[in-house]
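These notes are meant for a colleague who is opening this structure for the first time. Please keep the sequence and the model at hand while going through the numbered points.

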Amino acid sequence: MKKIFFVFTLFFAFATQAQVKDITIQASGLTCSMCSNSIFKALQTLDFVEKVDANIKNSSFGISFKPGADIDFDQLKAKVEDAGFFVASFRVTMNFDKLTVNNDAHVNVGKNVFHFLGVKDQYLNGDKVIRILDKGFVSSKEFKKNSKLTKMECYGSGEEAGKRVFHVTI
Amino acid sequence: MLLLIFSSQLVTAQELFVYTEPASNMATKSIGFRLNNFFMDDLHSKKTGYMLIPEIMWGASKRIMVHADAFLSNRNNGFVAEGGSIYTKYRFYSVDDVHSHFRMAAYGRYSFNNTYVHQNAIDLYGHNTGYEGGVVATKLINKVAVSVSGSYLHAQDNGSEKFLYGNKSRNAVNYTLSVGKLMLPKEYTSFNQTNMNLMVEMLGQTNLNKGYSYLDIAPSVQFIFLSRMRIDVGYRYPLITKLHRTSPESFLLRLEYNIFNAY
């Protein structure tokens, strides 16, 4: 019995583990390389960011992180907005270790809660790209459109019981 | 399918207008420096006027930016400082898409100047003491940007130098239409590429007393180096001159340098 319990805790302990590998942000509203440069420089000021690769043509920014760093998605979004622009898409490459995902349900992933939307119930293992659908992480048009995917109130607030809930899709 | 793959079409156009400000602001915590050099023939004295306007620009927050500038000119005796102004702009509306945006901002300027009042037209960028408030809307689609603005101006006395044209002539409206197009590069690959933009702007003023107006056309070319330095060259030419000015035609050479995350 003890052994089974141990296996169980081990399973759940691992199930909540997911490592962010890198993030690609596409910004909207850019007008010139000077604007792109201002986002590039702003992202570099975050202490958990190791490197930013800018693709000026697509106005997208590939971001890698310092090992073991505490990565804050909201701060990354805020830097794009501080530069005067908006996030059009926010893709996170994560390494999942046996995470069971159900559509329109919450799951703990590290310190965050993920609310999967528009997905089939599935089992995530290995590297997967997820896209954050919260307000400010997609265009306002898309945010409105995706509101049909759930009836839960956390979609608007991004919070539940004081905890940050990220709405994501695969 | 939620995961939209955005096409790789270039998102860029030019709205860094030479004679007007767009509705967009500069980045938070960035500081820019400008040297605005205006060269113009004075219709009365026949001498070539030179006005230097050093300017500091500050991105105070994502919605607010501030400019402060000084006016130096050789209009009177020697080359002297005549005044300055403070300008602020608040972006209150944004609809951004990957390939376009529409933004609106409200702006205001307060200017002080001690030069003698020598023309009926009100100019808060180097001639009159006074204030201005207005709204600007900018639409950007791919490589083209279009901006319109409208503002109300009120001229006060220039210190001991009185406004000579009667109290009713102290009020005017300014209106502008600006169009800019990114010409180079054809495709962005790095921050080090030089950008070239061509612009045409229409700049008008109507005095609210007798309704006299001027309307200028101002074509310009702009180069951006290393994504932080800018050189603007423009020429302002009058089309309608019912409202009196001493130097309606002018040549502009502007140098600009931007520091991102300056503090």
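1. A residue is called buried here if 20 or more other C-beta atoms lie within 10 Å of its own, the C-beta atoms being placed from the backbone. By that criterion 37% of the 170 residues of chain A count as buried. Please bear in mind throughout that this is a predicted model.

2. For a first orientation in chain A, it helps to count its elements: there are five helices and nine strands. Followed along the sequence, these elements of chain A come in the pattern α-β-α-β-β-α-β-β-β-β-α-α-β-β. If one takes the contacts in chain A between residues at least 6 apart in sequence, 69% of them join residues at least 24 apart.

3. Strand β1 of chain A, which covers residues 18-28, is a useful place to begin with the pairing of strands. With β4(A) the strand β1(A) pairs in the antiparallel sense, over ten bridges, and within this pairing D22(A) has T93(A) of β4(A) as its bridge partner. Strand β1(A) is also joined to strand β3 of chain A, residues 60-65, by five bridges, and these two strands likewise run antiparallel; here T24(A) has G62(A) of β3(A) as its bridge partner.

4. Two helices of chain A deserve a separate look, namely α2 (residues 33-44) and α3 (residues 73-82), which pack at an angle of about 145° with their axes 8 Å apart. The crossing of α2(A) and α3(A) is right-handed. On the side of α2(A) the contact is made by I39(A), A42(A) and L43(A), while α3(A) contributes L76(A), K79(A), V80(A) and D82(A). Sorted by class, the residues of this contact between α2(A) and α3(A) comprise five nonpolar and two charged ones, with no polar residue among them.

5. Is I39(A), which takes part in that helix contact, buried or exposed? I39(A) is buried, because 26 other C-beta atoms lie within 10 Å, and the cut-off for a buried residue is 20 or more. Leaving aside residues up to four places away in sequence, I39(A) touches A27(A), F61(A), V80(A), A83(A) and F85(A). By contrast with these contacts, I39(A) and F96(A), which are 57 residues apart in sequence, lie 29 Å apart in space from C-alpha to C-alpha.

6. I39(A) appears again in the largest nonpolar core, which has 62 residues; those with the most contacts inside this core are I25(A), A27(A), I39(A), V80(A), F85(A) and V87(A). Strand β4(A) supplies the largest share of this core, eight residues. For V87(A), if residues up to four places away in sequence are not counted, the residues touched are I25(A), A27(A), K77(A), V80(A), G136(A) and F137(A). There is also a second, separate core of eight residues, and L124(B), L153(B), A155(B) and Y214(B) are included in it.

7. Turning to chain B, how many strands close into the barrel? The barrel is made of twelve strands, in the order β1-β2-β3-β4-β5-β6-β7-β8-β9-β10-β11-β12 of chain B, and the pairing is antiparallel. On average, and with direction ignored, neighbouring strands of this sheet are turned by 20° against each other.

8. Individual pairings of chain B can be checked one by one against that order. Strands β1 (residues 31-41) and β12 (residues 250-259) of chain B pair in the antiparallel sense over ten bridges, and N37(B) has L253(B) of β12(B) as its bridge partner. Strand β12(B) also pairs with β11 of chain B (residues 229-241), antiparallel and over eight bridges, with R236(B) standing opposite S250(B) of β12(B). Strands β9 (residues 195-207) and β10 (residues 213-225) of chain B run antiparallel and are joined by twelve bridges, and V200(B) stands opposite P219(B) of β10(B).

9. The last point concerns the place where the chains meet: 29 residues of chain A are in contact with 37 residues of chain B. On the side of chain A that touches chain B, at least two residues each are supplied by β1, α2, α3 and β4 of chain A, and the largest share, six residues, comes from α2(A). By class, this side of chain A has nine nonpolar, 15 polar and five charged residues.

Notes
Residues are numbered from 1 along each chain as its sequence is written. Chains are lettered from A and ligands numbered from 1 in the order in which they are written. This is a predicted model: local features need pLDDT of at least 70, side-chain atom pairs count only at pLDDT 80 or more; totals for chains, interfaces and linings use all residues. Axes are lines fitted to C-alpha atoms, for helices over the stretch in contact, and angles run from 0 to 180 degrees between N-to-C directions. Helices (H or I, at least four residues) and strands (E, at least two) are DSSP runs, numbered from the N terminus. A crossing is left-handed if the near helix is turned anticlockwise from the far one by less than a right angle, and right-handed if clockwise. Two residues are in contact if their C-beta atoms, placed from the backbone, lie within 7 Å. Ala, Val, Leu, Ile, Met, Phe, Trp, Tyr, Cys and Pro count as nonpolar, Asp, Glu, Lys and Arg as charged, and the others, Gly among them, as polar. A residue is buried if 20 or more other C-beta atoms lie within 10 Å of its own, exposed if 12 or fewer, and partly exposed in between; C-beta atoms are placed from the backbone. Two strands pair if DSSP finds at least two bridges between them. A nonpolar core is a set of buried Ala, Val, Leu, Ile, Met, Phe, Trp, Tyr and Cys residues joined through C-beta atoms within 7 Å.
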